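Here are a few short exercises to work through with the structure at your side. Try each task before you read its solution.

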There are 2 protein chains.
Amino acid sequence: MRAEDRRELVLEAATIVFGERGYVGATTDAVAKAAGVSQPYVVRMFGTKEALFLAVLERALDRLLDAFEIVLDEGGDIDEVRNRLGVAYGELLSDRGLLLCLMHAFVLGSDPAIGPAARRGFLRVYALLRERAGLSIDEAREFLGQGMLLNTLIGLRMAAEDAPEAAELVDSVAPTKADLVRRLARS
Amino acid sequence: MRAEDRRELVLEAATIVFGERGYVGATTDAVAKAAGVSQPYVVRMFGTKEALFLAVLERALDRLLDAFEIVLDEGGDIDEVRNRLGVAYGELLSDRGLLLCLMHAFVLGSDPAIGPAARRGFLRVYALLRERAGLSIDEAREFLGQGMLLNTLIGLRMAAEDAPEAAELVDSVAPTKADLVRRLARS
DNA sequence: GTCTATAGGATGATAGAC
DNA sequence: GTCTATCATCCTATAGAC
């Protein structure tokens with residue numbers, strides 16, 4: 001296998017593992033096992049666990065922004081675009097761990113290395129919504145709120161709870177993705 | 001000092017430390033230093049680090065629900081109540097680390113001990129909004145979305161960023177609390 | 001490029017004195 | 001109730017063989 005492919009493989013595995021256990025809770029050994037390589041090799045490829053997480057974060061943000069760019073390129077009026085941005089965000093659920101890694105980064109703002117990267121990433125998304133998509137401040141705030149709520153429900157594995165309120169809430173936040181959310185919550 | 005008071009002191013310190021570094025990243029030693037007691041004593045009081053975090057989580061949820069109950073007891077029409085619930089939520093920013101601890105718990109849904117406690121806590125809040133405050137599904141979703149967005153901005157320490165978009169976003173999400181949010185982001 | 005072996009450091013928890 | 005001392009474990013990172 002080419003080195004480039006192996007790097008991508010490790011990044012995918014790391015996204016899942018960091019998404020599951022968070023930056024501190026995840027071990028480079030768990031990432032290595034998930035990728036089918038040795039632990040020292042993971043460290044060797046990225047230098048440090050911190051650098052690995054930053055690479056995972058960068059990759060996740062790129063995927064998110066790429067998905068949004070595609071929606072913007074398709075054009076349409078502002079309401080259509082906003083809806084399709086929401087749909088595109090929901091599609092990212094299929095990339096396992098991706099939204100969770102973003103969320104884990106977003107609660108580590110006080111970390112001297114991860115904090116600045118996370119803030120810049122969040123602001124890139126905000127700038128895209130405001131400037132490229134043309135959302136007003138209030139529209140952007142609403143949109144981001146629903147995104148963070150979805151992330152939270154995923155982080156909580158809320159769909160694994162069998163209370164009726166849990167189902168009602170998940171259905172409300174992700175009407176077309178409820179089944180996927182349920183599957184993720186149990187895996 | 002009475003044992004009860006010392007316990008509360010440790011819980012306060014733990015809330016700040018867990019809020020700053022998360023459940024896994026925080027050490028019982030850091031909590032002990034923040035509370036001015038020895039590390040083994042912290043463990044002795046709560047049994048395990050996990051039990052300490054669960055106690056912090058329970059305390060945070062109780063404070064949140066108490067604040068909401070007070071608003072509900074004051075009465076008023078549904079729009080007033082919703083606004084005052086939002087204000088009450090913002091007031092919790094003054095209790096340092098409280099909202100951050102909730103957020104840290106909310107991304108640990110796959111933890112066998114913390115996950116269930118976090119889900120039940122979130123659902124208690126949701127049930128209060130729906131049943132006691134009388135919000136519709138969509139209203140509750142909107143309300144929670146803005147709450148999670150505020151939590152995220154706090155977690156990111158977004159107000160520490162000096163980009164103009166950062167200020168715009170913080171002002172939009174917490175208009176009356178922007179100064180407090182800025183202060184917290186730098187501490 | 002990739003592995004095995006392991007050093008080195010941090011941390012949760014226990015033992016036991018006062 | 002509270003501390004000091006310390007053990008045992010885990011984990012990142014390095015050394016070095018192939």
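**Exercise 1.** Find what a polar side-chain atom of Arg44(A) lies 3.3 Å from.

*Solution.* Start at the side chain of Arg44(A) in this predicted model. Its polar atom lies 3.3 Å from a base oxygen of DNA strand D. Next, look at which elements give two or more residues to the surface near that strand: α3 (39-46) of chain A, along with α1 (3-25) and α3 (39-46) of chain B.

**Exercise 2.** Locate the phosphate oxygens of DNA strand D that pair with side chains of Thr28(A) and Arg6(B), and give the distances.

*Solution.* Take Thr28(A) to begin with: an N or O atom of its side chain is 2.9 Å from a phosphate oxygen of the strand. Then turn to Arg6(B), where the corresponding distance to a phosphate oxygen is 3.5 Å.

**Exercise 3.** Describe the surroundings of DNA strand D: which residues come nearest, and which classes are present?

*Solution.* There are 15 residues around the strand, and those that come nearest are Thr28(A), Gln39(A), Lys49(A), Ser38(B) and Tyr41(B). On the DNA side, sugar and phosphate make up 61% of the strand D atoms that come within 4 Å of the protein. Sorted by class, the nearby surface has six nonpolar, five polar and four charged residues.

**Exercise 4.** Decide whether Cys101(A) is buried or exposed, and do likewise for Cys101(B).

*Solution.* Buried means under 20% relative accessible area. Cys101(A) has 1%, so this residue counts as buried. Cys101(B) also has 1%, so it is buried. As a last step, search all chains for disulfides: the count is zero.

How values were computed:
Residues numbered from 1 in each chain as written. Chains lettered and ligands numbered in written order. Predicted model: local features only at pLDDT ≥ 70, side-chain atom pairs only at ≥ 80, totals over all residues. Heavy atoms only, no water. Near = heavy atom within 4 Å. Polar contact = N/O pair within 3.5 Å; in protein donor to acceptor, adjacent residues only side chain to side chain. Helix = DSSP H or I, 4+ residues; strand = E, 2+ residues; numbered from the N terminus. Nonpolar A, V, L, I, M, F, W, Y, C, P; charged D, E, K, R; others polar. Disulfide = S-S within 2.5 Å. Buried < 20%, exposed > 50% of the residue type's maximum accessible area, 1.4 Å probe, protein only.
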